[in-house]
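Student: I am new to this one. Please show me the model, and then take me through a single part closely.

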Amino acid sequence: VFATRLDRFDLAADAYAHHIELQPDEPTAYIGAAAALLKLRKLDEARDHAQLAADVAPSANRRARAAAHEMLAKIALARHDPDEAREAARLAHEADPTVPLPQFIEARLLYDEARYEDALSLFEQAIRELKKPGALQVSELHFYAADTLARLERSDEAEAEFFEELKYFPQNTRARAGLAMLYQAGDRFDEAE
């Protein structure tokens, strides 16, 4: 965790590999390794670890199964494989219906095509789903909603979404950078600093 916060994903991947050796039936270690490997752009290895997480997660542990499939969906996005991303999102939602991953993945695909108005509608739908009791936050959902709003020149709403991302995922440096750029563009230099 500390290595990840320092953006030392190589060290994080090594630490998770050691954790996996000690506890090979622990899905969170595989998910952590997959996340570190995704940041390192080692996509095949990341996918293998995320799939192992899905395989070892007990069927009763719906959150771990959903997290594993969420990671598989994000890896598929990085691999530019929309069909695989959609299937992983469907499996995540099937494992835990409170996870609005299908909407998030569809929104991300639209965002990647620069179809921001269409993407925003789905980001907002996913965010509404997160307000239901027991719903798990989806990392980068608020970030992409914020970035989309910024691209649509809706700065106040973008700022609020960046703050939402940082509330749930304070280690998200992309959200911090996006917020700083938003402040810079609005001549709010002290806040950008």
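Student: In which loop is Asn172 found? Please look closely at that residue, then place it in the rest of the chain.

Tutor: Start with what kind of model this is. It is a predicted model, where local features need pLDDT of at least 70, side-chain atom pairs count only at pLDDT 80 or more, and totals for chains, interfaces and linings use all residues. Residues are numbered from 1 along each chain as its sequence is written, and side-chain values use heavy atoms, with hydrogens and water left out.

Now the residue. Asn172 sits in the loop between H10 and helix H11 (173–185). Helices here are DSSP runs of H or I with at least four residues, strands are runs of E with at least two, and both are numbered from the N terminus. Is Asn172 buried or exposed? Asn172 counts as buried, because its relative accessibility is 9%. The cut-offs are these: buried is under 20% relative accessible area, exposed is over 50%, and partly exposed is in between, with a 1.4 Å probe and protein chains only.

What does Asn172 touch? Leave out residues up to four places away in sequence, and the list is Glu140, Phe143, Glu165 and Leu166. A contact means heavy atoms within 4.5 Å. Take Phe162 as a distance check. Phe162 and Asn172 are 10 residues apart along the chain, and their C-alpha atoms are separated by 9.8 Å.

Set another loop residue beside it. Glu153 lies in the loop between helix H9 (141–151) and helix H10 (155–168). Glu153 counts as exposed, because its relative accessibility is 70%. Arg90 is 63 residues from Glu153 in sequence, and 32 Å from it in space, C-alpha to C-alpha.

Two further loops hold residues with positive phi. Arg41 is in the loop between helix H3 (27–39) and helix H4 (43–56). Its phi is about 65°, although Arg41 is not a glycine. Arg41 is exposed, at a relative accessible area of 52%. His80 is in the loop between helix H5 (62–78) and helix H6 (82–95). The phi of His80 is near 60°, again positive in a residue other than glycine. His80 counts as exposed, at 69% relative accessibility.

Next, the interior. The largest nonpolar core has 62 residues. Such a core is a set of buried Ala, Val, Leu, Ile, Met, Phe, Trp, Tyr and Cys residues joined through side-chain atoms within 4.5 Å. Those with the most contacts inside this core are Leu101, Phe104, Ile105, Phe123 and Leu141. H5 gives the most to the core, with 9 residues. Look at Leu101. Beyond its neighbours within four places in sequence, Leu101 is in contact with His69, Glu70, Ala73, Ala89, Ala92 and Val138.

Last, step back to the whole chain. The protein chain has 12 helices and 0 strands. Of its 193 residues, 44% count as buried. Its C-alpha atoms fill a box of roughly 50 × 35 × 30 Å along the principal axes. The radius of gyration is 17 Å, which agrees with the value near 16 Å for a compact globule of 193 residues. That radius is taken over C-alpha atoms, and the globule rule is 2.2 Å times the number of residues to the power 0.38. Among contacts between residues at least 6 apart in sequence, 49% join residues at least 24 apart.
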